[in-house]
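Biologist: Let us go through this model together. I will ask how each label is earned, and you set the values against the cut-offs.

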Amino acid sequence: MDDEDLRPDWFKTGARHVWRPYAQMQTAPAPLPVVRTEGARLHLADGRVLIDGVASWWTACHGYNHPQIITAMHRQLDAMPHVMLGGLAHEQAYRLAARLAALLPGELNHVFFAESGSVAVEIAMKMAVQFHLNRGAQGRTKFVAFRGGYHGDTFAAMSVCDPEEGMHALFAGALAPQHIVELPRDAASEAALDLLLARHEDIAGIVVEPLVQGAGGMLFHDGDTLRRLRRLADKHGVLLIFDEIFTGFGRTGTLFAMQQADVVPDIVTLSKALTGGAAPLSAAVASTRVFDAFLGDDPMRALMHGPTYMGHALGCAAANASLDLFERGDWTDAVSRIAAQLTEELAPCRGFSRVAQVRTKGAIGVVELDAPADVGALTARFVERGVWIRPFGRIVYLTPAFVISPSELTQLTSAIAAVLAD
Ligand code: PLP
């Protein structure tokens with residue numbers, strides 16, 4: 001896939017020491033050394049430039065190296081890279097929390113920061129369990145989650161992922177047992193979930209990615225499904241947790257996916273594009289009702305959690321700059337344009353023999369194959385065509401930066417069509 005002689009020394013020295021994500025280290029093809037990024041492009045050490053269809057796991061929504069984000073981070077770095085939030089405060093985290101509370105619908109007003117998506121999911125689950133304990137309800141420690149869902153790779157997060165489709169089947173015995181069911185897409189499945197919630201008094205909350213189940217298969221559902229979940233959560237007194245780590249910050253066409261369904265959860269998790277892809281940061285944002293259940297004279301009612309780097313000042317500076325860009329508003333037109341182009345340009349893939357389905361939503365384009373692909377081989381074929389597209393399982397997908405130009409996007413869609421046509 002690349003010329004070994006052109007690999008930089010740092011790569012040759014470090015390659016056997018870096019344990020890479022989701023990789024069989026004995027057989028996985030070598031990764032591509034990247035030396036520079038800009039907009040929707042990756043510059044490789046050997047001089048090649050790839051159009052990026054993934055935006056680094058859909059984080060770099062405004063494109064790489066956005067000058068406003070970079071300037072804000074430089075400014076913050078000059079003042080201080082970070083101080084701990086235990087007993088200290090800094091402007092970027094406090095401004096960001098107030099801005100997120102203002103942007104999120106309903107009473108989602110209380111922002112607990114962390115550094116990664118999985119940890120935000122852990123915190124949301126911990127909040128839900130303790131919410132019930134603080135209100136005197138013992139034994140509500142389990143969750144309802146859904147087939148096709150993905151919420152991260154840490155233990156509690158793994159326990160609410162799809163147990164079969166996901167990558168975590170090996171750990172079945174080590175994970176807390178949860179109620180993993182079909183999404184209530186219709187009245188019948190709503191009735192089944194209603195019954196499950198009525199029969200089990202051990203449920204603390206329902207965890208779902210609103211509108212798009214991302215890394216579990218890029219599966220879409222509608223607002224009615226989310227309204228059913230809200231109704232059932234209210235009826236049975238359990239919390240509704242939306243994981244917007246994939247969908248948040250414009251990816252589905254609205255700032256948050258929940259806005260399309262007009263449903264407000266009790267807790268929402270955010271990460272990924274929160275900082276425009278420039279630094280790790282996440283948050284679990286709770287409603288005032290949830291937050292209030294932690295108040296009182298008893299220190300044991302408090303949320304005993306505090307990741308070392310929570311609310312990292314550099315990350316918060318990047319996030320505030322990213323929100324400035326969202327407030328400017330050009331992204332909505334960009335996402336509509338990308339959506340229309342993805343729909344039009346991926347449509348021909350429907351005719352290919354190995355393609356089961358083509359679907360798009362916002363700036364997400366998905367070509368689902370009829371069987372799992374040889375991901376390494378497909379990725380290499382894409383790189384030969386000058387694009388960075390990294391399929392998983394049966395899914396070939398695009399989640400480009402919103403600043404991608406129409407011709408760059410065409411390069412991505414035509415590479416998919418050309419490679420899959422073979
Ligand atoms: N939740 C969702 C919806 C995600 O898409 C992901 C990552 O893909 C996570 C949680 C986990 O985030 P992280 O990889 O930052 O731990």
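Modeller: Start with the ligand. By class, its shell holds four nonpolar, five polar and three charged residues. Keep in mind that this is a predicted model.

Biologist: Which residues surround the ligand?

Modeller: W58, S116, G117, S118, Y150, H151, G152, E209, D243, I245, F246 and K272. Each has a heavy atom within 4 Å of the ligand.

Biologist: What makes the pair between S118 and the ligand a polar contact?

Modeller: The cut-off is 3.5 Å between N or O atoms. An N or O atom in the S118 side chain is 2.6 Å from a ligand oxygen, so the pair qualifies. A backbone N or O atom of G117 lies 2.8 Å from an oxygen atom of the ligand. For D243, a side-chain N or O atom is 2.7 Å from a ligand nitrogen. The protein covers 84% of the 390 Å² of accessible area that the ligand has on its own.

Biologist: How do you know that the length of α5 agrees with a helix?

Modeller: Helix α5 runs over residues 117-134, which is 18 residues. At 1.5 Å a residue, the expected span is 26 Å. The end C-alpha atoms are 25 Å apart, so the two agree.

Biologist: Why is α5 called largely enclosed?

Modeller: Because 15 of its 18 residues are buried. Just after α5, G136 takes a positive phi of about 90 degrees.

Biologist: Why does H221 count as buried?

Modeller: Buried means under 20% relative accessible area. H221 has 7%, so it counts as buried. H221 is found in the loop between β9 and α8.

Biologist: What does the side chain of H221 pair with?

Modeller: A polar atom of the H221 side chain lies 2.9 Å from the backbone nitrogen of L211. The backbone oxygen of E209 lies 3.4 Å from a polar atom of that side chain. E209 is also one of the residues around the ligand. Beyond four places in sequence, H221 is in contact with residues including L183, R185, P210 and L226.

Biologist: And T399, is it buried or exposed?

Modeller: Buried. Its relative accessible area is 0%, and the cut-off is under 20%. T399 lies in the loop between β16 and α14.

Biologist: Which residues does T399 touch, leaving out those up to four places away in sequence?

Modeller: G53, V54, A55, W58, F246, R251, A363 and I364. W58 and F246 also appear in the ligand shell.

How values were computed: Residues are numbered from 1 along each chain as its sequence is written. This is a predicted model: local features need pLDDT of at least 70, side-chain atom pairs count only at pLDDT 80 or more; totals for chains, interfaces and linings use all residues. Side-chain values use heavy atoms; hydrogens and water are left out. Helices (H or I, at least four residues) and strands (E, at least two) are DSSP runs, numbered from the N terminus. The expected span of a helix is 1.5 Å times one less than its number of residues. Buried means under 20% relative accessible area, exposed over 50%, partly exposed in between (1.4 Å probe, protein chains only). A polar contact is a pair of N or O atoms within 3.5 Å; within protein, one must be able to donate a hydrogen and the other to accept it, and residues adjacent in sequence count only if both atoms are side-chain atoms. Accessible areas come from the Shrake-Rupley method with a 1.4 Å probe; for residues, only the protein chains shown count as cover. Ala, Val, Leu, Ile, Met, Phe, Trp, Tyr, Cys and Pro count as nonpolar, Asp, Glu, Lys and Arg as charged, and the others, Gly among them, as polar. Contact means heavy atoms within 4.5 Å.
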